[in-house]
Amino acid sequence: MSFDKVDDILPDDSDFYLKIANKKITFEGISKSQLTSVFFDEANAQVFSISSGDVTDVKVKSPIESFCSSFKIIEKGRIVSIKFSFDQTILALQRTQTAVDFLTFEDGKVSKEFTQTFKGCNLLGYLWTGKTEIVLVTNVNVKLCKVDMRSGTLTTIKSLNLSINWYNYYSPINLLLVSLANANNVMQLLQIKQNQIVKLVKFDIDDEYVSKTKKLIADRDIVLGVVYNQPRILFLNVHTTSAEAEVIVYTIIKLSSIKRTHVLRINQSGRFALNIVDNLIIVHNQITKTSIVFDITNAEFQGAVKFHNPVLEPKSIKPFQENVASSSQKNTYELYNPNWVMFQPNIIMDAKAGCLWFIEIDLLGFYKYIEDKRELIAFLLLRSNSKFVIAKTLETLLEDGFNKMEELADIFDQINYVYRSYLEENMKSQMGLPSSMTRPEEDPVVEFRTVVDQYFVYSYVLCKLAEKVSENVERKESKILTMSLLQYIRSLTDFQIPAQHFLYELLINSLVIQGKFYQLYQLLQYRVVADSKPLACLLLSLENVYNGASQLAVDMLERLGSAKEEIIEILLSKQQVMPAIRYAAKHGATNDRNRFAKFLEVAKETGNNKLFYSVSSHFKEN
């Protein structure tokens, strides 16, 4: 069987940690001359380009094709917010702080609309939480309402009175964080759930500098998101006592308490923005035109809080080019330009240029710059789509040879720890038990993203080394292959994972090619190689190069206890008729008339009349 080489699957090595994904969304950008404004709805990932004139022309773009549309509405003044319901049937738009318009469409034209006005409050914004459910956030309350387009009414389902400065919303789990007015940076966390507004927990931003200066935290300094399967509140604290910014991570524990758990040391000053990509927290600095990557599993303890330095030195996003309008040329796009706005989890938008991109992790950059391979593997196992980079790392260690065997053994243990956890989770899910794939000593909900199973290691690492061995048996790769296989099988055994037969087959073939028959004998005798019928058949096929292989195969089948027929066939194939008869008699397998005929046939083929007579007499007597 032939497998693609890892280097053929992976792109070229990278000097960068971050890159812009190939997919992008282009839209009509902000233009004063065309009276065009742009809005982005994070919940639906929709960009609205709105051109004002005699009528208001709206164009909607999204990575989801069915969410793209265009329509015209009556010009009624400047729009400050616009969002579709989750099923794209109702459009809500806000022009003032005292009213919201609701519209439905047929064939790109408005079919129904009504306006809901408010008194005694200022509307800060609104959030769709369902097909017809919407949350209105004002400076004095939070209202959960139901939109009825037939009757043209907005019915309040639930209302919660709070004095509010601003809010931040995380739509995947309907978390709403509000900053309470006149409360010195006190936050209230809410969840919109089953037609209820649930008050979860109230907490303070307890930073020393913020407390002393009583400086109010702005909504742009707060990001809600999920990192390693747990909801977090990220506070971008640019007003520290040391004048160097930091990110304070508050963890929402079981939606019942909030704790300050991590501090990310940026060690820079500048203008910052945050993204969360593949469970990594990315801090972009517009002044230095670099990005800093943090992983909150790698920490220095200081009491109850973990302090983190960047995974690697700050580095720019990988440069990329954009097509020039009405030209075949391409221009290198200016990175970190002042028009960039970051949205969660991994979106960069330039509203002036009319482009929206998705930022991605470039794992080959981490492969290049993380020198400690144990640290690299620990990092890669927590990333998605990292299998082939892990294979490349293993290949590098194998190329370095015997000096890296101890390191290779540790890395096999890292890989198989995750593999074992994955197998346990599968077993629990089949039995209907609760799952908990976690690192026991760390954050209780750290989730491994990449599982490297036996077949992958065999196909993309060990078989590639075996190909080199087959080309030149005298090379050191033959010994490295044997030692690597033994280490991998040892690791599987330590984690109580049964090694698959193809690993043993590769090990046996490796030893035979090197002529190390005594080692093979010892491995089989001491049960380092697990007994199986496929391996017994392999040993039989090696009889021409190793005389003892046949007997080893018979011994293995005997130990299995379920291969009586195979053993009899092996003995007969070697024309050992009487031993075959004795073995059959011992195991009560001589009553079959067809087998009696087989014994006689083989005895006759030997040309030994005395043997033929003995066999015939034996069966007549019995």
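In the predicted model, E407 is buried, its relative accessible area being 12%. This residue forms a salt bridge with K404, in which the closest N and O atoms are 3.6 Å apart. The partner K404 is partly exposed, with a relative accessible area of 29%.

The pair is one of 14 salt bridges found in a search of the whole structure. Another is formed by R374 and D410, with a distance of 2.9 Å between the closest N and O atoms. R374 belongs to helix α4 (residues 373-381) and D410 to helix α6 (residues 405-431), so this salt bridge ties together parts that are 36 residues apart in sequence. R374 is partly exposed at a relative accessible area of 30%, and D410 is likewise classed as partly exposed, at 30%.

Within helix α6, E424 and R420 lie 4 residues apart, about one turn of the helix. Their side chains meet in a salt bridge with an N to O distance of 3.2 Å. E424 is partly exposed at 35% relative accessibility, and R420 is partly exposed at 24%. In addition, D413, R490 and D494 are joined into one network by salt bridges that share partners.

Contacts between segments distant in sequence were examined for K19, a residue of strand β1 (residues 18-26). K19 and I317 are separated by 298 residues in sequence, yet their C-alpha atoms are 5.5 Å apart in space. Beyond its neighbours within four places in sequence, K19 is in contact with I317, K318, F358, I359, E360, I361 and D362. K19 itself counts as partly exposed, with a relative accessibility of 25%.

Notes
Residues are numbered from 1 along each chain as its sequence is written. This is a predicted model: local features need pLDDT of at least 70, side-chain atom pairs count only at pLDDT 80 or more; totals for chains, interfaces and linings use all residues. Side-chain values use heavy atoms; hydrogens and water are left out. Helices (H or I, at least four residues) and strands (E, at least two) are DSSP runs, numbered from the N terminus. Buried means under 20% relative accessible area, exposed over 50%, partly exposed in between (1.4 Å probe, protein chains only). Contact means heavy atoms within 4.5 Å. A salt bridge is a side-chain nitrogen of Lys or Arg within 4 Å of a carboxyl oxygen of Asp or Glu.
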